[in-house]
Amino acid sequence: MKEIPVTLVKANQTMLVGLTILSILLQSSLLLGLTVAIVYGSLLFGQKANPAMLFITKVIKKDLSTDDKEAVVLQRFNQTIAAVLLTIGFLLSIIWSHWGVWVPVGMVTIAASIALMGFCVGCYMYYQYKKISHERRKSA
């Protein structure tokens with residue numbers, strides 16, 4: 001199983017919180033679009049396309065070999081949820097200028113903030129999904 005250092009995961013979460021809060025406060029579709037592009041780049045090309053992770057690995061140059069690890073599959077699952085919600089928010093912001101546009105963006109902000117505090121909402125969802133899938137296979 002591939003793993004990613006928790007420091008890089010937290011860097012990604014911090015970047016998401018910062019960019020989504022700025023997007024909401026500035027009501028900026030452009031900044032939200034940039035956030036969506038970063039998230040998709042990260043999904044498609046991995047950590048080498050994530051500015052927050054690049055910053056940690058290139059600029060900070062912290063030794064991550066002793067860092068706690070998280071499964072890459074969990075990071076991708078969480079990143080996919082963020083991508084979907086941010087895309088919905090971005091598309092709505094283009095066609096609709098209403099506060100409701102920012103609800104899915106706020107959901108990402110809240111989930112990433114909670115993850116930074118120690119509880120991963122996406123990981124919990126992933127666990128529940130796997131548990132239900134396993135129960136279905138077992139009963140079939």
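Here is a short chat about reading the features of the predicted model above.

Visitor: What should I keep in mind before I start?

Guide: This is a predicted model, where local features need pLDDT of at least 70 and side-chain atom pairs count only at pLDDT 80 or more, while totals for chains, interfaces and linings use all residues. Residues are numbered from 1 along each chain as its sequence is written, and side-chain values use heavy atoms, with hydrogens and water left out.

Visitor: How many helices and strands does the chain have?

Guide: Helices here are DSSP runs of H or I with at least four residues, strands are runs of E with at least two, and both are numbered from the N terminus. By that rule the chain has six helices and two strands, and along the sequence they come in the order β-α-α-α-β-α-α-α.

Visitor: What can I say about the overall size?

Guide: Try the radius of gyration, taken over C-alpha atoms; the globule rule is 2.2 Å times the number of residues to the power 0.38. For 140 residues a compact globule would come out near 14 Å, and the chain has 16 Å, which agrees. Along the principal axes, the C-alpha atoms fill a box of roughly 45 × 45 × 25 Å.

Visitor: And how do I read burial and surface?

Guide: Buried means under 20% relative accessible area, exposed over 50%, and partly exposed in between, with a 1.4 Å probe and protein chains only. Of the 140 residues, 41% count as buried. Areas come from the Shrake-Rupley method with a 1.4 Å probe, and for residues only the protein chains shown count as cover. The chain exposes about 8600 Å², with carbon and sulfur atoms supplying 69% of it.

Visitor: How far along the sequence do contacts reach?

Guide: A contact means heavy atoms within 4.5 Å. Take the contacts between residues at least 6 apart in sequence: 76% of them join residues at least 24 apart.

Visitor: Why does the length of helix α2 agree with what its 17 residues should span?

Guide: The expected span is 1.5 Å times one less than the number of residues. Helix α2 (residues 29-45) should therefore span 24 Å, and its end C-alpha atoms are 24 Å apart. You can repeat the check on α4, whose 24 residues should span 34 Å and whose end C-alpha atoms are 34 Å apart.

Visitor: Which residues of α2 are buried?

Guide: A general point helps: an α-helix has 3.6 residues a turn, so residues three or four places apart point the same way. In α2 the buried ones include Leu32, Thr35, Val36, Val39 and Leu43. Their cover includes α1 (6-26), α3 (51-60), α4 (72-95) and α5 (102-117). For α4, the buried set has among them Leu74, Asn78, Ala82, Leu85 and Gly89.

Visitor: Is Leu30 buried or exposed?

Guide: Leu30 sits in helix α2 and is exposed, since its relative accessible area is 73%. Its C-alpha atom is 9.6 Å from that of Ile94, 64 residues away along the chain. Leu43, also placed in α2, counts as buried at 12% relative accessibility. Setting aside neighbours within four places in sequence, Leu43 is in contact with Arg76, Gln79, Thr80 and Ala83.

Visitor: What do Leu8 and Val9 touch?

Guide: Leu8 lies in helix α1 and is buried at 1% relative accessibility. Not counting residues up to four places away, Leu8 touches Gln47, Met53, Ile56, Thr57 and Leu64. The C-alpha atoms of Leu8 and Leu54 are 8.7 Å apart, with their positions 46 residues apart in the numbering. Val9 is also found in α1 and is buried at 2% relative accessibility. With the same exclusion, Val9 touches Ile4, Met53, Glu70 and Gln75.

Visitor: Where should I look for a positive phi?

Guide: Most residues other than glycine have a negative phi, and most peptide bonds are trans. Gln27, in the loop between α1 and α2, has a positive phi near 50°. Gly46, which follows α2, has a positive phi near 80°.

Visitor: How are the charges spread?

Guide: Lys and Arg count as positive and Asp and Glu as negative, leaving out His and the chain ends. Each charge is placed at NZ of Lys, CZ of Arg, CG of Asp or CD of Glu. The chain has 13 positive and 6 negative side chains, and the centres of the two sets lie 8 Å apart.
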